[in-house]
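Trainee: I have a sequence and a 3D structure to read. Could we go through some features in turn?

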Amino acid sequence: IISAYQEVYDGKLDFLSVSQPKRTGKTTSGLRLSLMMGGRKPDGSIFATGKGEGLVKSFFGGINETFDDAQMYKRYLDVFPDAVKVAQNADELTIHLGKKRRFATFTCRPIDGSIVGNTEANVLLYIDDCVKNHEEARNRDRLEFLCEKVTDDVLGRRIEGTPIIIQGTKYSLYDPITYLQNKADEMGWRWKEVAIPALDPDTDESNW
């Protein structure tokens, strides 16, 4: 997974999908990559979205952990000296690095809410856990709605050429992960899938 992240960071992939079980570090590692990309281009914008207000607030909090911890923040600035945190808005779930601009360095919004206003992705579009659980995944109408949201609202905030990462627990062949994989083929994107099941198919032992 980290090797695939590196390919995104180095500009070698346009799209990466990561599928793995819940509680195995998807979001934590994804936010660390977002921090790296935001630190490298603090004048750019990263848009992070996922299922529900609670989840995207955890994105906001997870990113802020680096800035709230004095030692971590110092190390971050050692690597990215221009990425000084200058402003945040806990209501809008935005964080500005370098200087305050129209589009924040980090903006977090729930996919099932209204994705309008000052949101843009020109550094990274990060999509994490669009589908809440197995029950929601069995509802084809709900999955179609989510895929439409991805097309109309989420991708609509992306500047052409901005890399996309979608992560989640894949419950269905009709969920947004598969949808974006098909779109990647259609658009000719350079892309990769990393899928790690809960159990090793040969030994039936946990991969985690």
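Mentor: Start with one residue and place it in an element. Ser19 belongs to strand E1. Keep in mind that this is a predicted model.

Trainee: Is Ser19 buried or exposed?

Mentor: Look at the relative accessible area and compare it with the cut-off: under 20% counts as buried. Ser19 has a relative accessible area of 7%, so Ser19 is buried.

Trainee: Which residues does Ser19 touch, leaving out those up to four places away in sequence?

Mentor: Ser19 touches Gly168, Lys170, Ile177, Glu193, Val194, Ala195 and Ile196.

Trainee: With which strand does E1 pair in the parallel sense over five bridges?

Mentor: To read a pairing, note the two strands, the sense and the bridges. Strand E1, residues 15–19, pairs with strand E7, residues 164–168, in the parallel sense, and the pairing covers five bridges. One residue pair shows it: Leu16 has Ile165 in E7 as its bridge partner.

Trainee: In what order do the strands of the sheet stand?

Mentor: The order in the sheet need not be read off the strand numbers; follow the pairings. Here eight strands make an open sheet, in the order E3-E4-E5-E2-E6-E7-E1-E8, with mixed pairing.

Trainee: Why is one side of E3 and of E8 left without a neighbour in the sheet?

Mentor: Strand E3 (85–89) and strand E8 (191–195) are at the edges and have a single partner strand each, so one side of each has no neighbour in the sheet. As for the angle, neighbouring strands of this sheet are turned against each other by 10 degrees on average, direction ignored.

Trainee: Which strands does helix H2 lie across?

Mentor: For a helix on a sheet, list the strands and then read the angle. Helix H2, residues 26–40, lies across E2 (46–50), E4 (94–97), E5 (106–110), E6 (124–128) and E7, and runs at about 170 degrees to E6. Helix H3, residues 53–68, also packs on the sheet, where H3 touches E2, E3, E4, E5 and E6. The direction of H3 makes about 160 degrees with that of E5.

Trainee: Which residue in the loop between E3 and E4 has a positive phi?

Mentor: Check phi, then the residue type, then the surroundings. Leu93 is in the loop between E3 and E4, and its phi is positive, about 60 degrees, although Leu93 is not a glycine. Leu93 is buried, at a relative accessible area of 3%.

Trainee: Where is Asp204, and what is its phi?

Mentor: Asp204 is in the segment after E8. Its phi is near 65 degrees, a positive value in a residue other than glycine. Asp204 is exposed, with a relative accessible area of 57%.

Terms used:
Residues are numbered from 1 along each chain as its sequence is written. This is a predicted model: local features need pLDDT of at least 70, side-chain atom pairs count only at pLDDT 80 or more; totals for chains, interfaces and linings use all residues. Side-chain values use heavy atoms; hydrogens and water are left out. Two strands pair if DSSP finds at least two bridges between them. Helices (H or I, at least four residues) and strands (E, at least two) are DSSP runs, numbered from the N terminus. Axes are lines fitted to C-alpha atoms, for helices over the stretch in contact, and angles run from 0 to 180 degrees between N-to-C directions. Contact means heavy atoms within 4.5 Å. Buried means under 20% relative accessible area, exposed over 50%, partly exposed in between (1.4 Å probe, protein chains only).
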